[in-house]
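Colleague: I have a few bench questions about this model. Can you put it up so we can go through it?

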Amino acid sequence: MPPGRPVADFSVKSAPPTIRLLVRGTMFGALACFFLLPWAAMALSSSWAAGLTYFLPSMALTVANIVVEQRTWRAGKLLAVYALTPANNLIRLVVSAAGLWDMSLLTAVRGAAVHWSLPVMAGAQAAFSAAVMLSVVPAVVSQLPVRSAEAEP
């Protein structure tokens, strides 16, 4: 039988400290990028209605995501936390890209002037989501123990 533990035994206490810091850093980065900083962009642009249209879905998802991740983290279900991260960032990426697309259509079709802070914020959110999916998630997944087919009865 190969060394190692089954995936079911992988818990918060057994996670390497670097992975725990990475997950926490990702959560705090998401909170800043998707919940706190959009308020600054809306204040700079003075277009609260447009800002809430573009950023409210990601804000709500971020708050819900952090609450669920904290509960699963405290329950010791680390794999559930890792499973939530790519799914939520994919949704955030789609919402950010849709916002950028809509802003570009407003500018091109209607000739509406969109304040620079709104597309910059949406672009930063899209970049954060892509960075998490392309770097953080693979780094975490690479540290997970592998269940061996030979260990199965």
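Modeller: Start with helix α2, residues 48–74. Helices here are DSSP runs of H or I, at least four residues, numbered from the N terminus. This is a predicted model: local features need pLDDT of at least 70, side-chain atom pairs count only at pLDDT 80 or more, and totals for chains, interfaces and linings use all residues. Residues are numbered from 1 along each chain as its sequence is written, and side-chain values use heavy atoms, with hydrogens and water left out.

Colleague: By how many degrees does α2 bend at Phe55?

Modeller: The bend at a residue is the angle between axes fitted to the seven residues ending there and the seven starting there. A proline, Pro57, follows Phe55 within four residues. The bend at Phe55 is about 50 degrees.

Colleague: At which residue does α1 bend?

Modeller: Helix α1 covers residues 17–45. Its bend is about 40 degrees, and Pro38 follows within four residues. The residue at the bend is Leu37.

Colleague: What distance separates the end C-alpha atoms of α1?

Modeller: The expected span is 1.5 Å times one less than the number of residues. For the 29 residues of α1 that gives 42 Å, and the model agrees. The end C-alpha atoms are 41 Å apart.

Colleague: Is Ala41 buried or exposed?

Modeller: Buried means under 20% relative accessible area, exposed over 50%, and partly exposed in between (1.4 Å probe, protein chains only). Ala41 has 5% relative accessibility. Ala41 therefore counts as buried.

Colleague: Leaving aside neighbours within four places in sequence, which residues does Ala41 contact?

Modeller: Contact means heavy atoms within 4.5 Å. With those sequence neighbours set aside, the partners of Ala41 are Ser117, Leu118 and Met121.

Colleague: How are the rings of Phe34 and Phe128 arranged: stacked, tilted or edge-to-face?

Modeller: Rings of Phe, Tyr and Trp (its six-membered ring) pair if their centres lie within 6.5 Å; planes under 30 degrees apart are stacked, over 60 edge-to-face, the rest tilted. The whole structure has 2 aromatic pairs. In this one the centres are 5.7 Å apart and the planes are at 70 degrees, so the pair is edge-to-face.

Colleague: Which parts does that pair tie together?

Modeller: Phe34 and Phe128 are 94 residues apart in sequence. Phe34 lies in one helix and Phe128 in another, so the pair ties together α1 and α4.

Colleague: Which residue's charged end sits over the ring of Phe34?

Modeller: The criterion is NZ of Lys or CZ of Arg within 6 Å of the ring centre and within 35 degrees of the ring normal. Here the charged end is 4.9 Å from the centre of the Phe34 ring. The residue is Arg92.

Methods
Helices (H or I, at least four residues) and strands (E, at least two) are DSSP runs, numbered from the N terminus.
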